[in-house]
Amino acid sequence: MLAFGRIVAASFRQYSTYRVATVAGVFTNSIFGLIRASILLAAISTAGGELRGYDALQAATYVWLGQALLAPIEAFGTREVAERVHEGDIAVDLLRPMGFLRLHYARKLGRSAFLLLARGIPPMLVGALLTGITLPTDPLSWLLGLLAVVLAITVAFLADLIVNLTAFWLVQTRGLTVVYTAVMNLLSGFLIPIAWFPDQLIALTRATPFPAMVQTPIDALSGRLTPLETLPQVGIQVAWAAVLTVGAWLLLRAGTRSLEVQGG
Amino acid sequence: MAESRRLQARPSPADRPVSLLRMVATLYGSRIRSQAAFRASFLMDLLGQVLIVGTEFLELWVILSQVDVLGGMTLPQVAVVYGLGALAFGIADLLFGEIDGLSTAIRSGKLETLMVRPVPMLLQISSLDLSLRRLGRIVVGLAMLATALAIAGFSPTPAHLLLVVLAPLAGAAILGALFTMAGAMQFWLVDGREFANAFTYGGNYVATNPGAVFPLPLRAFFTFVIPATLVAYTPTLALLDLTGPALLPQWTGWLGAPVAILIWIVAALLWRSGVRHYTGAGG
């Protein structure tokens, strides 16, 4: 557990050194937030001020919370593990005294903690100034909301890792990553609220782990769900995290057995 | 004597400097052949691109399944804007998308290798990783544009036909110039790659949406500073004979080509000063 904490801290520090990249990320994140908010607000004003339970302020809050989560959940996918498999560096990871999943999860937590603070909060402030946002006032909503964020990061990490681990069998994983991120961005409720989907698509979406990555933490932190309503959603997040952990572990075990690294 | 000998020693065809056109054909030809060799991977990538364009448009489609008009436009009209924007971005991305990765080349010192070669650097970078998968976006954009125009009741006059050919090319030139400027910026801000994304991918995002949805300051920024609304939205206003919002009357649909020339002058100057500013970072 001590090693786990040290890796989390080291990963946090590692990412905190990229200052220019952080400022650039905040700027780009804010511009995209403005574009997205404009589109949703235009739709809501055409609909007469309210669209499927979202008024202007709630839609703006939805957009800015989504922009804040974009970096920590790494919505555009990662390639690192797949590259390590292809280059054979994975052998080094497997030899370390800490389990592979634990190691990468620790690094992800440190990275995401930094990204949440440095790239998540500034666009929220921009949003609060330019469009206004609404956040819950009771501490319980905040507590559950932050728990939902940590779980969302965990579920997104596991699903992304599973995509990466297919590199054990696929020579080229880029196509799969591209398809995965496209589906994830839509079904997670990042681009538009899931409540706006046609009914059949809502049912399909709810059966996937994607809403647990974005829509759940946004709903919890924007006050759309009361703490009592948030609890079952958090339960679904925990269930998906468990299922995906088993999936990732099985893939890793099968991959390790078939792995052959040349040279040395 | 010396004079006549020099005249006699004419260079053989192999020694003669290659014309720029031949160079372009050779460079792009080799990339295309190398990628066509891996059919399965190519098809998967192509499918991925088609899917991405599909999900992007799904966002607009879902919104328009809830409301009748977005920014004063119906679903077929928005689809014209989206198709035109996707087509323009697809062409720009195919030819200039790789400039986005310039900071990686700077950091790894790969750029020096490009500099010592007797080929213009912009041409090398553009052809270096020419990804044919990007054809996916062009094909989908073209299909969507044709279908949407038919549904939206496009009644072409000769001027409209000229515009429908000119607009994607002018739009691609504008977005290509944005890619080049974003690349040039990386000579100064090596870690600032994401900063540039606000203008390139942000520009594309704005270009594929009805410009009237943006509040006036944002609309002005994405017209006068980053001319993204002129890529697809205003040409669509002209093609379908629609009335534009404040700042963007219908005739601005014809501004794409002149603005493309202007922005390329700026982009070329910026690129040149970026290359001159470069002092090398690799070993």
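Start where the chains meet: 33 residues of chain B and 32 residues of chain A make up the contact. Keep in mind that you're looking at a predicted model. Select the chain B side of that contact. The elements giving two or more residues to the side that touches chain A are α3 (39–66) and α10 (193–207) of chain B. Colour α3(B) if you want the top contributor, since α3(B) gives the most to this side, with 13 residues. Now colour the chain B side by residue class: you'll get 18 nonpolar, ten polar and five charged residues.

**Chain A, zoomed out**

Hide chain B for a moment and show chain A as a cartoon. Chain A has eleven helices and two strands. Trace chain A along the sequence and the pattern reads α-α-β-β-α-α-α-α-α-α-α-α-α. How does the radius of gyration of chain A sit against the globule rule for 264 residues? The radius is 19 Å and the rule gives 18 Å, so chain A is as compact as a globular protein of that length. Switch to the C-alpha trace and turn chain A onto its principal axes, where the trace spans about 65 × 40 × 35 Å.

If you like to colour by burial, 49% of the 264 residues in chain A come out as buried. A contact map is worth a look too: of the contacts in chain A with a separation of 6 or more, 80% are between residues 24 or more positions apart.

**Next stop: α2(A) against α6(A)**

Select residues 19–46 of chain A, which is helix α2, and residues 100–130 of chain A, which is helix α6. Their axes come within 9 Å and cross at roughly 40°. That angle makes α2(A) oblique to α6(A), because it is neither under 35 degrees nor in the 65 to 115 range. The crossing of α2(A) past α6(A) is right-handed.

Now show side chains at the meeting point. From α2(A), pick Thr22(A), Gly25(A), Val26(A), Asn29(A), Ser30(A), Gly33(A) and Leu34(A). Facing these in α6(A) are Ala118(A), Arg119(A), Pro122(A), Pro123(A), Val126(A), Gly127(A) and Leu130(A). By class, this α2(A)–α6(A) contact has seven nonpolar, six polar and one charged.

**A single residue: Leu144(A)**

Centre on Leu144(A), in helix α7 (residues 139–165) of chain A. Is Leu144(A) buried or exposed? Leu144(A) has 24 C-beta neighbours inside 10 Å, so it counts as buried. Leaving aside neighbours within four places in sequence, Leu144(A) is in contact with Ala220(A), Pro227(A), Thr230(A) and Val234(A). For a distance label, try Ala10(A): its C-alpha atom is separated from that of Leu144(A) by 27 Å, and the two residues are 134 residues apart along the chain.

**Last stop: α9(B) and α13(B)**

Bring chain B back and select helix α9 (residues 158–185) and helix α13 (residues 256–277) of chain B. Here the axes are 8 Å apart and the packing angle is about 20°. That angle makes α9(B) roughly parallel to α13(B), and α9(B) passes α13(B) in a left-handed crossing.

Light up the contact residues on both helices. In α9(B) they include Leu166(B), Ala170(B), Ile174(B), Ala177(B) and Met181(B). Among their counterparts in α13(B) are Val259(B), Ile263(B), Trp264(B), Leu270(B) and Trp271(B). Coloured by class, the contact of α9(B) with α13(B) shows 16 nonpolar, four polar and no charged residues.

Definitions and conventions. Residues are numbered from 1 along each chain as its sequence is written. Chains are lettered from A and ligands numbered from 1 in the order in which they are written. This is a predicted model: local features need pLDDT of at least 70, side-chain atom pairs count only at pLDDT 80 or more; totals for chains, interfaces and linings use all residues. Two residues are in contact if their C-beta atoms, placed from the backbone, lie within 7 Å. Helices (H or I, at least four residues) and strands (E, at least two) are DSSP runs, numbered from the N terminus. Ala, Val, Leu, Ile, Met, Phe, Trp, Tyr, Cys and Pro count as nonpolar, Asp, Glu, Lys and Arg as charged, and the others, Gly among them, as polar. Axes are lines fitted to C-alpha atoms, for helices over the stretch in contact, and angles run from 0 to 180 degrees between N-to-C directions. Angles under 35 degrees count as roughly parallel, over 145 as roughly antiparallel, 65 to 115 as roughly perpendicular and the rest as oblique. A crossing is left-handed if the near helix is turned anticlockwise from the far one by less than a right angle, and right-handed if clockwise. The radius of gyration is taken over C-alpha atoms; the globule rule is 2.2 Å times the number of residues to the power 0.38. A residue is buried if 20 or more other C-beta atoms lie within 10 Å of its own, exposed if 12 or fewer, and partly exposed in between; C-beta atoms are placed from the backbone.
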